[in-house]
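Here are my notes on the model you sent, as numbered points. They start with one residue, then take up the core, the pocket and the chain as a whole.

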Amino acid sequence: MIELGSVIKDLRSELQAAIEAGKDENLRFELGPIELEASVAVERSDSGAGRVRFWVVDLGGEHKKGVSNTQRIKLSLTPRLAGTHQAPQISGHAGADEE
């Protein structure tokens with residue numbers, strides 16, 4: 001399982017790479033709202049901090065005992081450039097597995 005925060009961090013890295021790849025392109029696209037949907041397992045720590053963690057789970061794999069409290073969540077993220085209210089512009093050439 002992967003922590004939800006790691007999924008969002010990796011998404012941010014991919015978007016940043018797309019912004020960098022398109023910075024010298026004539027044609028750019030404004031990045032609109034991003035909807036991220038995931039199945040998560042909720043885990044509460046019994047330690048002093050009482051931290052709650054969200055783990056992204058793969059429902060297509062084998063079922064593991066102990067992960068019985070799964071929820072489906074949908075996040076709507078609106079990307080903005082740091083220190084501004086501007087939406088990022090992305091562009092670039094398609095990768096080998098993209099159209």
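1. This is a predicted model, and the values below are computed from it. I start with Leu15, which touches Leu31, Ile34 and Ile90 once residues up to four places away in sequence are left out.

2. Those contacts belong to a wider group. Leu15, Ile19, Leu31, Ile34 and Ile90 together form the largest nonpolar core, which has five residues. In soluble globular proteins, nonpolar side chains tend to be buried together.

3. Leu15 also appears in the second largest pocket, where Leu15 is among the residues nearest the centre, along with Arg12, Pro79, Arg80 and Pro88. The pocket has 14 lining residues and holds about 280 Å³ of space. Helix 1 (residues 4-21) gives the largest share of this lining, with six residues. Sorted by class, the lining consists of ten nonpolar, two polar and two charged residues.

4. Some points on the overall chain. The protein chain has one helix and six strands, and their order along the sequence is β-α-β-β-β-β-β. Of the contacts with a separation of 6 or more, 69% are between residues 24 or more positions apart. Buried residues are 19% of the 99 residues. The accessible surface is about 7900 Å², and carbon and sulfur atoms account for 49% of that surface.

5. Is Leu4, in helix 1, buried or exposed? Leu4 has a relative accessible area of 12%, so Leu4 is buried, the cut-off being under 20%. Apart from neighbours within four places in sequence, Leu4 is in contact with Phe54, Val56, Ile73 and Leu75. Between Leu4 and Val57, 53 residues apart in sequence, the C-alpha to C-alpha distance is 9.5 Å.

6. Ala18 is also placed in helix 1. Its relative accessibility is 23%, and Ala18 therefore counts as partly exposed, in between the limits of 20% and 50%. With residues up to four places away not counted, Ala18 touches Ile90 and Ser91; Ile90 is one of the residues of the largest nonpolar core. The C-alpha atoms of Ala18 and Gln89 are 8.8 Å apart, with the two positions 71 residues apart along the chain as the stated separation.

7. Glu35 lies in strand 3 (residues 34-44). Glu35 counts as exposed because its relative accessibility is 55%, and exposed means over 50%. Glu35 nevertheless has contacts beyond its sequence neighbours: leaving out residues up to four places away, Glu35 touches Lys74, Leu75 and Ser76. Leu75 is 40 residues from Glu35 along the chain, and the two C-alpha atoms are separated by 5.7 Å. Leu75 is also one of the contacts of Leu4.

8. Thr78 sits in the loop between strand 5 (70-77) and strand 6 (89-90). What is the relative accessible area of Thr78? The value is 48%, so Thr78 is partly exposed, exposed being over 50%. Thr78 and Gly32 have C-alpha atoms 6.7 Å apart in space, at 46 residues apart in sequence.

9. To sum up for the bench: Leu15 is part of the largest nonpolar core and is among the residues nearest the centre of the second largest pocket. Of the other residues discussed, Leu4 is buried, Ala18 and Thr78 are partly exposed, and Glu35 is exposed.

Conventions: Residues numbered from 1 in each chain as written. Predicted model: local features only at pLDDT ≥ 70, side-chain atom pairs only at ≥ 80, totals over all residues. Heavy atoms only, no water. 1 Å grid on protein atoms, 1.4 Å probe; cavity = no way out; pocket = protein on both sides within 12 Å on 5 of 7 lines; lining within 4 Å. Points joined across faces, edges and corners; volume = space filled by probe spheres on them. Helix = DSSP H or I, 4+ residues; strand = E, 2+ residues; numbered from the N terminus. Nonpolar A, V, L, I, M, F, W, Y, C, P; charged D, E, K, R; others polar. Core = buried A, V, L, I, M, F, W, Y, C linked by side-chain atoms within 4.5 Å. Buried < 20%, exposed > 50% of the residue type's maximum accessible area, 1.4 Å probe, protein only. Contact = heavy atoms within 4.5 Å. Areas by Shrake-Rupley, 256 points an atom, 1.4 Å probe, with all protein chains shown as cover.
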